[in-house]
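Reader: I've just opened this one and I'd like to zoom in on a single part before I get lost. Could you pick a spot and take me through it slowly, then link it to whatever else is worth a look?

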Amino acid sequence: MRFLDGHETHYDLTYDDIFVVPGRSTVESRFDVDLATSDGTGATIPIVVANMTAVAGRRMAETVARRGGLVVLPQDVAPDAVAEITAWVKTRHTVWDTPLVLRAGDAVADAVNLLPKRAHGAVVVVDGEGRPLGVVDEAACHGVDRFTRVGEVANPDVVTLPMDTAPRDVFDRLHGRSTKVALGVDDEGRLAGVLTEVGALRAEIYTPALDADGRLRVAAATGVNGDVAARAAELLDAGVDVLVVDTAHGHQEKMLSALQAVRKLDLGSVPVVAGNVVTAAGVRDLVDAGADVIKVGVGPGAMCTTRMMTGVGRPQFSAVAECAAQARALGKHVWADGGVRHPRDVALALAAGASSVMVGSWFAGTYESPGDLQRDEAGRPYKESFGMASKRAVGARTRNDNAFDRARKGLFEEGISTSRMRLDPLRPGVEDLLDSICAGVRSSCTYAGAHSLEEFHELVVLGVQSAAGFAEGRPLPGGW
Ligand SMILES: NC(=O)C1=CN([C@@H]2O[C@H](COP(=O)(O)OP(=O)(O)OC[C@H]3O[C@@H](n4cnc5c(N)ncnc54)[C@H](OP(=O)(O)O)[C@@H]3O)[C@@H](O)[C@H]2O)C=CC1
Ligand SMILES: Nc1nc2c(ncn2[C@@H]2O[C@H](COP(=O)(O)O)[C@@H](O)[C@H]2O)c(=O)[nH]1
Ligand SMILES: [K+]
C-alpha cells in the first residue's frame, strides 16, 4: 500500500477519506481474483460476522460459512448453547440450504411466520416420513385465511433432485420455471435441502469455509471477566474453529492474563483472536500474550457511542493500517472491526492490510440475523439491532449479579440499546450483501492489478479526498 505523492497526512483517516487509484492491470476477469484469507481461520472470503447478539446466531453462521465467511457467536451465548449451535452448524449441508418445514395440517399463519427466517422464500410441506408434498411461498399465503391448512395452498408441482446433483444442473432445472426452489432428497425420497437458482449460482462461485472433516466452520467469543480459560475450554470442547477473546479496551492487563491462560489450553489448530486495540503497541502486547489475530477498532461501530462518551478511539483506516503493519512485521494478522457500511469500506480495510473485515450492524438488517422481522409505519421490514455495551446487552449479561452491581455496571453504557436496521428490498438476505461486498472487492483488486488480497495490499495506491470528493462518488438515484 502506498499513497499518491503528497497525500500522506499527519492526521488519522477513515474509510470515507480514502480513494483507490486505478493502476495498470494484468487481471483479465474479476473472477480471477482469489478472495481467500491467509490468517489461518480457513475463511475463503475476507468477511467475519461480528459477535453481536442482534447479528450472529445459528442461521447466520450456517449461511455465511457456506459462502466462505466466518461467524463469531457472541460471548453472551451460554456455553451449552454454543455447543448445541456448533454441533448443528456442523451437520448442515455445504451446498443445500436448510429447509423450512411444515406438515399439511399446519396453518398458513405458521408458514407466514417461518418464511422470513430464510432468504429462499419457501416452506416445504412434508408427509409423516419427511417426503415433500408441496411448497408454500409468500404468494400462496396472499389473501388466504391465516387458519387455512398449508396442505390446501401448497403447490404440489415440485422439482425434487438427488443431493449430489451438480449446482449447475440444479440451476438449469429451475431456470425459466415458475418453481423457485429445488428440493434435495435422500435415497428414500426424504427432504434434505433446498436450493434456489441464485443459491446454485453461488455454490459454483463461492467455496464454503470448511474444517478438516469437511464441515462448516464457526467461531465463538469470550469476554475477559470470570474464568476465561474455563469458558475457552468449553468453547473448544464444543468444537469451535476459531476462538475470539473480546473486550472494549483490549489493551489492558486483564486481557493479557486472559490470553496467557487461553494459550495454555490444548488449542490444536484453533487460532486465537483478541481485541480491540488501535495502536501498534496494543498489537505487540496482545501478540506477546499469545494472540494470532488482533481485532482492530475502537469506536467506529454503528451501535457504538464510545467516541461520544469518552473521546477515545481512532479513525478506522489509520488504526487498521498501523496495526496491520505491526502485526505483519510479527508474522500475525488483523481483523478490521466496525464501521463498514459499503463494500468500499471492506476493500479499503483490506488495502490497509487487514486479513479480514468484521461486519455487525449492516448484517443485522437481513433475514438471517436472529431478531424477529418487524415493520415500520410505512410497512417496510426492519430488524432491531443493539450494541454489546448497551444497557440492553449489559443488563442481559449481568442478569445473575445482584441489583446493586447491575446498577453500577449500567452507568457505563457505551452502546445503543435499540436501532432499526432496514432490510434492503433488493438485498434482504445476508448472501445478497456478501454478493455485493465480494463483487466490490473483486473489482477493487482488478483496478489495482491484484490477483489476491495479499497482492492488493502490496500494489494498491491510495489518495486522500475531500468530503465533496466522497460525495461525488455517491449515486444520485433521485436526480438533483
Ligand atoms: N470496538 C469497540 O469500540 C467497542 C466494543 N465494545 C463491545 O462491547 C462488548 C462488551 O465489552 P466490554 O464493555 O468490554 O464488557 P466486558 O464484559 O468484556 O468487561 C470489560 C472489563 O474490562 C473492565 N474495563 C476497564 N476499563 C474499561 C473500559 N474503558 N471499557 C470497558 N471495560 C473496561 C471492566 O471493568 P468495570 O466494568 O468495572 O470498569 C470489565 O471488567 C464487547 O463485545 C466489545 O467488543 C464495547 C465498547 C467499545
Ligand atoms: N463501543 C461499542 N462498540 C460496539 C458495541 N457493540 C458492538 N460494538 C463494536 O462494533 C463492531 C461492529 O461494528 P458495525 O459498525 O459493523 O456494527 C463490533 O464488532 C464491536 O467491536 C457497543 O455497544 N459499543
Ligand atoms: K460509532
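**A close look at strand 9**

Author: Let's start with one pair of residues: P162 sits opposite V185 in strand 9. Bear in mind as we go that this is a predicted model.

That pair belongs to the pairing of strand 8, residues 159–162, with strand 9, where the two run parallel and are joined by four bridges. How does the chain get from one parallel strand to the other? Strand 8, helix 6 (residues 167–174) and strand 9 make up a β-α-β unit, and it is right-handed.

Now look at what strand 9 does with strand 10, residues 191–196. Here the pairing is antiparallel, with five bridges. To find it on screen, click on A182, which faces L195 in strand 10. Strands 9 and 10 form a hairpin, with five residues between them. In that turn, check G189: its phi is positive, at about 80°.

So is strand 9 mostly buried or mostly out in the open? Four of its five residues (181–185) are buried, so the rest of the structure largely encloses this strand.

There's a record to go with this stretch. In an unreviewed entry, UniProt puts the feature "domain: CBS" at residues 154–212. In the model, that span is 29% helix and 25% strand, and its end C-alpha atoms are 40 Å apart.

For a second sheet to set beside that picture, go to strands 5, 6 and 7. They make an open sheet of three strands in the order 5-6-7, and the pairing is mixed. Strand 5 (100–103) and strand 7 (132–136) are the edge strands, each with a single partner, so each has one side with no neighbour in the sheet. From one strand to the next, the twist averages 35°. Strand 5 and strand 6 (residues 123–126) run parallel, joined by four bridges. If you want a marker there, V101 has V124 in strand 6 as its bridge partner.

You'll probably want the ligands too. Ligand 1 has 23 residues around it, and those that come nearest are G223, T247, A248, M388 and A389. By class, this shell has seven nonpolar, twelve polar and four charged residues.

T247 deserves a second click. It is in the loop between strand 12 (242–246) and helix 9 (253–263). Is T247 buried or exposed? It has 22 other C-beta atoms within 10 Å, and 20 is enough to count, so T247 is buried. T247 also turns up in a UniProt "binding site" annotation, again from an unreviewed entry, together with D246, A248, G297, V298 and G299. These positions are spread over 54 residues of sequence, yet they cluster in space, with a largest C-alpha distance of 14.3 Å.

Around ligand 2 there are 24 residues, with G301, C304, G360, G387 and G415 the closest. Its shell has eleven nonpolar, eleven polar and two charged residues. Strand 16 (356–359) and helix 14 (361–364) each supply at least two residues of that shell.

One last oddity for your list: the peptide bond from G275 to N276 is cis, with omega near 10°. You'll find N276 in strand 13, residues 272–277.

How values were computed: Residues numbered from 1 in each chain as written. Chains lettered and ligands numbered in written order. Predicted model: local features only at pLDDT ≥ 70, side-chain atom pairs only at ≥ 80, totals over all residues. Near = placed C-beta within 6 Å. Nonpolar A, V, L, I, M, F, W, Y, C, P; charged D, E, K, R; others polar. UniProt positions renumbered as here; feature names shortened; annotations may be inferred. Buried ≥ 20, exposed ≤ 12 C-beta atoms within 10 Å, placed from the backbone. Pairing = 2+ DSSP bridges. Right-handed = clockwise from strand over helix to strand, strands pointing away. Axes fitted to C-alpha atoms, helices over the stretch in contact; angles between N-to-C directions.
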